[in-house]
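Me: I have this model open and would like a close look at one part of it. Could you take me through the spot where a charged side chain meets an aromatic ring, and then work outward from there?

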Amino acid sequence: MFTEEEIDCIINAGKIVRNLLSRIKSFIKENISLLELSEKIENEIRNYNGEPAFPCNIGIDEVAAHYTPSINDNKRLAYGCLLKIDIGAHINGFIADAAITISFGSEYEEMIEVAKEALDKALSSISIGEKISNIGEIIEKTIKSYGYKPISNLTGHKISRYMIHAGVSIPNVISNTYGRIEPWSLYAIEPFVTLSKAKGEVINGPLGNILQIIKIKGPKDPKLKDFFDFLFKKYKTLPFARRWIENQEYLDILKKDKLIYEYPVLIEASGFPVAQAEHTILTTDKEVIVIT
Ligand code: MN
Ligand code: MN
């Protein structure tokens, strides 16, 4: 169950993400710095009284997920790419997570539509008690019916308070996953699509400047402990960007001591472009509401 106040937080986080994604094409200009683009998006979330639930993820072409610009990132948007923007907003830890793909002069408009259609079909099929495996089946069949391939090792996920991946995965392919869609829950549904000739899997690439606290018990050293407590108070168990943090030295010590994890970028294994579509749903005791 969620209280009325909690549902307000969820709905409002969803509105921030939906509104921002609806305007995002106007931010996309040739040669814009990816760092500026990410910061603009994150600041928009804050302007609407949310907090980024994770750093703005920018995935270009074969980069499927988990890349955000570094502190001095000098990458710029070149014309002729497939651009995925994945954003999350939270209010008091209640998260909305959604993504769109934009063809910035790429030849993959159809693949974007296929990702959207797979998402739409999955969303309209979901009811409370729905088998999670049915969702993956609908997504895979829809994608394949257009001659494309789903990324088999990227999934949707249950969301809980301050937890973007709350244990339950929603596969994008046919699988023998157990479990059903439960009432009073949040789930992100997010098909990823690539070309049929691609491997259809992601592999780890270089580090993507996205970090997360992975141990609740802090370090012993008092200075490090203060820093850790500050981080935990601010981000809890949510991912944060390296560029949001001033003390890079302490961050790296905590990383080395395995209190903090830095995510690698996820890249399509055969180097083919990937399109993504994502929405978050809220289930009540009788309804399924797309909040983004
Ligand atoms: Mn997302
Ligand atoms: Mn997600």
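Reply: Start with K40, which lies over the face of F27, 4.5 Å from the ring centre. Keep in mind that this is a predicted model. F27 is also handy for finding your way into the interior, as it is one of the residues in contact with I41 once the neighbours within four places in sequence are set aside. The others that I41 touches on that basis are L20, I24, C56, I85 and I87.

Follow I41 and you land in the largest nonpolar core, which has 41 residues. I41 and I85 are the two that touch the most other members of this core. Five elements, α1 (4–23), α2 (34–47), β4, β5 and β9, each supply at least two residues. The most generous of them is α1, with seven residues. There is also a second, separate core of 25 residues, with I126, Y148, I181 and L195 among its members.

A second charge sits over a ring elsewhere: the charged end of R46 is placed over W244, 5.5 Å from the centre of that ring. A little further along the chain from R46 comes N49, in the loop between α2 and β1 (51–52). Its backbone deserves a glance, since N49 is not a glycine and yet has a positive phi of about 65°. Most residues other than glycine have a negative phi. N49 is exposed, at 68% relative accessible area.

W184 does something similar, with a positive phi near 55° in a residue other than glycine. You'll find W184 in the loop between β8 (169–170) and β9. Its ring has company too, because W184 forms one aromatic cluster with F2 and F94.

Now for the metals. Two manganese ions sit 3.1 Å apart, and D97 coordinates both of them. Take the manganese ion (ligand 1) to begin with: its protein donors are OD atoms of D86, listed twice, an OD of D97 and an OE of E278, at 2.1 to 2.3 Å. Along the chain these donors follow the spacing D-x10-D-x180-E. D86 belongs to strand β4 (residues 81–91) and D97 to strand β5, 11 residues apart. Both D86 and D97 are buried.

For the manganese ion (ligand 2), the protein donors are D97 (OD), H157 (NE2), E190 (OE) and E278 (OE), lying 2.1 to 2.2 Å away. Their spacing reads D-x59-H-x32-E-x87-E. Here the chain is brought together over a longer stretch: D97 is in strand β5 (residues 94–104), while E190 is in the loop between β9 (185–189) and β10 (192–195), 93 residues apart. E190 is buried, as is D97.

β5 turns up again among the aromatic pairs, of which the count is seven. One of them joins Y79 and F104 edge-to-face, 5.1 Å centre to centre with 75° between the planes. Y79 lies in the loop between β3 (63–65) and β4 and F104 in strand β5, so this pair ties together parts that are 25 residues apart in sequence. The two partners differ in how they meet the surface: Y79 is exposed, with a relative accessible area of 55%, whereas F104 counts as buried at 11%. Another edge-to-face pair is Y261 with Y263, at 5.0 Å centre to centre and 80° between the planes. Both of these are partly exposed, Y261 at 37% relative accessibility and Y263 at 22%.

That leaves the sheet. Four strands make an open, antiparallel sheet in the order β3-β13-β11-β12. β3 and β12 (240–241) stand at the edges with a single partner strand each, so one side of each has no neighbour in the sheet. At the β3 end, the partner is strand β13 (residues 260–268), paired in the antiparallel sense over two bridges. If you want a residue to click on there, V63 stands opposite I267 in β13.

Methods: Residues numbered from 1 in each chain as written. Chains lettered and ligands numbered in written order. Predicted model: local features only at pLDDT ≥ 70, side-chain atom pairs only at ≥ 80, totals over all residues. Heavy atoms only, no water. Donors = N, O, S within 2.8 Å, 3.2 Å for Na, K, Ca; no water. Buried < 20%, exposed > 50% of the residue type's maximum accessible area, 1.4 Å probe, protein only. Phe/Tyr/Trp six-rings, centres within 6.5 Å; stacked < 30°, edge-to-face > 60°. Lys NZ or Arg CZ within 6 Å of the ring centre and 35° of its normal. Core = buried A, V, L, I, M, F, W, Y, C linked by side-chain atoms within 4.5 Å. Contact = heavy atoms within 4.5 Å. Pairing = 2+ DSSP bridges.
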